[in-house]
Amino acid sequence: MKFFVDTADTTAIAELNDLGMVDGVTTNPSIIAKSGRDILEVTKEICDIVDGPVSAEVVSTDADGMIAEGRKLAKIADNITVKVPLTWDGLKACKVLTSEGTMVNVTLCFSANQALLAAKAGATFISPFIGRLDDINLDGMELIEDIRTVYDNYGFETQILAASIRSANHMSDCAKIGADVATAPPAVIKAMANHVLTDKGLAAFLADIEKANIKIV
């Protein structure tokens, strides 16, 4: 499963990228706005850090506006993926931008039917929002499983990009179900390394080393 990091923090992106933990990045205007910097400038900087897809989201809601913005965003770098909402206008924009050779991430997906439409429109990625479904007592992982079944049934090449990831457990569950990609904040990716028994074992090891006064250098 590919790891995308969901942030506009270039320092965090660079750190994870150096460790080989970043296959791409997802951003949106809200995330970038928190940095207080220009959206296009930050997006270009991120594209220079990572080789994989960098999702940059449109702000228009009509198809013509999304297409125009998508074309502008696509000029930032070759690895830009234009992010559009899963609306009828978003699907229209997806079809046009995809036909022009631009990668498209269709976001805000909450049903298998929506995911099917996005695949038919040629989306590169479909972003089902796991956490937001869990918030309303629906099973976000069940949606990933349903989309996986539909896509596999018909050989769709659209990649399932699990989004709204809230925990390390979400990451492993996505991997087991067969999501192609999971995008998560840096803190969630780092939390995947944590385990209480690892901490306990390391503490015991260090105590033994200190007691035996063992030194390597």
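These exercises work through strand β5, its neighbours and residue A203 in a predicted model.

**Exercise 1.** Decide whether strand β5 is enclosed or open to the outside.

*Solution.* Start with the range: β5 covers residues 103-109. Next, take the burial count. Of its 7 residues, 5 are buried. Therefore β5 is largely enclosed by the rest of the structure.

**Exercise 2.** Find which strands pair with β5, and in what sense.

*Solution.* Take β4, residues 80-85. It runs parallel to β5, and 5 bridges join the two. One point of contact to look up: T81 in β4 is opposite M103 in β5. Now take β6, residues 125-128. Its pairing with β5 is also parallel, with 3 bridges. Here V106 stands opposite I126 of β6.

**Exercise 3.** Trace the β-α-β units that contain β5 and give their handedness.

*Solution.* Begin at β4. The path goes through helix α5, residues 88-99, to β5. That unit is right-handed. Continue from β5. Helix α6, residues 112-120, leads on to β6. This unit is right-handed too.

**Exercise 4.** Place A203: which helix holds it, how accessible is it, and how far is it from E45?

*Solution.* First, the helix. A203 belongs to α11, which spans residues 196-212. Second, the accessibility. Its relative accessible area is 46%. Buried needs under 20% and exposed needs over 50%, so A203 counts as partly exposed. Third, the distance. A203 and E45 are 158 residues apart along the chain. Their C-alpha atoms are separated by 40 Å.

Note on methods
Residues are numbered from 1 along each chain as its sequence is written. This is a predicted model: local features need pLDDT of at least 70, side-chain atom pairs count only at pLDDT 80 or more; totals for chains, interfaces and linings use all residues. Side-chain values use heavy atoms; hydrogens and water are left out. Helices (H or I, at least four residues) and strands (E, at least two) are DSSP runs, numbered from the N terminus. Buried means under 20% relative accessible area, exposed over 50%, partly exposed in between (1.4 Å probe, protein chains only). Two strands pair if DSSP finds at least two bridges between them. A crossover is right-handed if, with the strands pointing away from the viewer, the path from the first strand over the helix to the second runs clockwise.
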